[in-house]
Amino acid sequence: MKDWQTRLLHSDTRVPENYESLAVPTYRGSTTVFPSAGVANDAWDQWSAGYTYGLYGTPTTLELAGRICELESGFRTILTSGGQLALTLVNLAFLRSGDHLLLPDTVYTPHRVLTSRVLGRLGIRTSFYDAQAGSHITKWFEPETRLVWVESPGSITMEIQDVPAIVEVARSHGILVAMDNTWAAGIYFKPFAHGVDISVQALTKYVGGHSDLLMGAVTVREQKLYETLGSTSQALGGGISPDDCSLALRGLQTLAVRLSAIETSALTIAKWLTARPEVEQVLHPALASCPSHEMWKRDFTGSSGVFSFVLRDGVSKERVHSAVDALQLFRIGYSWAGTTSVVMTYDFGSVGPRARYGHRLIRLSVGLESTNDLINDLEKAFIQLRS
Ligand SMILES: *Cc1c(COP(=O)(O)O)cnc(C)c1O
């Protein structure tokens, strides 16, 4: 009999086998043990090499990656510890010093910050193109342009991009196209069917869906891209928690009903807003009055719960803030796609392509409260806008 100290670590307990749960088991692990010294290896691609190290995947993390890949109809998915890191990983994997990068001028702000604060230092130049350029994006192409990002709809101002047109010209110039597909939750827009090479999603948003986890996913269309991405990911060494993956796997089980309820509620609220005298414009691509509605109808199969509206000209910033502060159900916060409705105001200042919105834009993320209660909340808050 071994000493009790040893038995704490090497127990003879054997539980019955063949337990089956409906939930994907949560495997925590750093070291992965091998059956013999001869087969031990440290390859990063767990799909082909088997399990070698917890950082590169466990059955829990690979199950989530596999399911995201299936939803996006891609070749393989690599998970990251946040959506922002997924954007970073793509840029570091596919760009090198001397390369030129194109981002839409409506890009998610932290992505813009990454280019100025980090990529520039590495000798990677970035230009910002008109998100509405479509095939005219060629005006921004340079001999060193290696990667174009699309984000559709654009963050906060909700412009739908002509992704197929951009893909067509990028491909003819040998430029890769990556997409931030977070708004569509990997469901309502199919990047690979539209010719995109790399798709990124912040799983923090609709897949997690309950404002309690941070995670990102990068999905690629083919093996060569996967090798570049995976080997870079291994070298950078980002890890994700199997416990968080388990939350995301739970989120997937209710994604369909959450998205459907949220879509209906958001559309009802958006339509209500279009009839309000305080509102100049509602920026929801599924509304016929939205500038990019036709492109949305052509390429998307649905809409999620995030949209913006612009208050009438002349309203002071103080009144906009008072109205937002008066909301009781919509909580003030940046991240979105949870079950609780969230609101944020933005000030676009007086220069740049979005200056026309000034400080009058309010973004909503509609959650699962009753639609009537949310409308009443907005109606009461709008009293603050009266002068
Ligand atoms: C939230 C978000 C991200 C980043 O996700 P995090 O998990 O918060 O880092 C990236 N792109 C878009 C469009 C987002 O809305």
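Start with the nonpolar surface patch. Trp 4, Leu 8 and Leu 9 make a patch of about 420 Å². This is a predicted model, so keep that in mind throughout. Trp 4 sits in helix H1, residues 4–9. Its relative accessible area is 53%, over the 50% cut-off, so Trp 4 counts as exposed.

Now the sheets. Take the one with 7 strands. What is its strand order? E1-E7-E6-E5-E4-E2-E3, an open sheet with mixed pairing. Strand E1, residues 76–80, and strand E3, residues 125–129, are the edges. Each has a single partner strand, so one side of each has no neighbour in the sheet. From one strand to the next, the twist averages 20°.

Look inside that sheet. E4 pairs with strand E5, residues 176–180, in the parallel sense, over 5 bridges. Leu 147 stands opposite Leu 176 in E5. Then the helices. Helix H7, residues 223–236, packs on the sheet and touches E1, E5 and E7. The direction of H7 makes about 20° with that of E1. Helix H4, residues 83–94, lies across E1, E2, E4, E5, E6 and E7. H4 runs at about 155° to E6.

Next, the sheet of 5 strands. This one is open too, with mixed pairing, in the order E8-E9-E12-E11-E10. Which strands stand at its edges? Strand E8, 279–283, and strand E10, 331–332. Each has a single partner, so one side of each is left without a neighbour in the sheet. Strand E9, residues 306–311, runs antiparallel to strand E12, residues 361–365, and 5 bridges join them. Ser 308 stands opposite Arg 363 in E12. Helix H9, residues 255–274, packs on this sheet, with contacts to E8, E9 and E12. The directions of H9 and E9 make about 10°.

On to charges. Side chains of opposite charge can pair when their charged atoms come close. The count here is 13 salt bridges. I'll walk through a few.

Asp 162 and Arg 298 form one, with the closest N and O atoms 2.7 Å apart. The pair links distant parts of the chain, 136 residues apart. Asp 162 is in the loop between strand E4, 145–151, and helix H6, 163–172. Arg 298 is in helix H10, residues 293–299. Buried or exposed, for Asp 162? Buried, because its relative accessibility is 18%, under the 20% cut-off. Arg 298, at 47%, is partly exposed.

Second pair: Arg 276 and Glu 379, 3.4 Å from N to O. These residues are 103 apart along the chain. Arg 276 lies in the loop between H9 and E8, and Glu 379 in helix H12, residues 371–381. Arg 276 is buried, at 14% relative accessible area. Glu 379 is partly exposed, at 36%.

Third pair: Lys 317 and Asp 347, closest N and O atoms 2.8 Å apart. They are 30 residues apart, in what again counts as a link between distant parts of the chain. Lys 317 is in helix H11, residues 317–326. Asp 347 is in the loop between strand E11, 342–346, and E12. Lys 317 is partly exposed, at 33%. Asp 347 is partly exposed, at 40%.

Last item, a network. Which residues are in it? Arg 125, Glu 142 and Glu 144, linked by salt bridges.

Conventions:
Residues numbered from 1 in each chain as written. Predicted model: local features only at pLDDT ≥ 70, side-chain atom pairs only at ≥ 80, totals over all residues. Heavy atoms only, no water. Patch = residues over 30% accessible without salt bridge, like charges linked within 9 Å, V, L, I, M, F, W, Y side chains within 5 Å. Areas by Shrake-Rupley, 256 points an atom, 1.4 Å probe, with all protein chains shown as cover. Salt bridge = Lys/Arg side-chain N within 4 Å of Asp/Glu carboxyl O. Helix = DSSP H or I, 4+ residues; strand = E, 2+ residues; numbered from the N terminus. Buried < 20%, exposed > 50% of the residue type's maximum accessible area, 1.4 Å probe, protein only. Pairing = 2+ DSSP bridges. Contact = heavy atoms within 4.5 Å. Axes fitted to C-alpha atoms, helices over the stretch in contact; angles between N-to-C directions.
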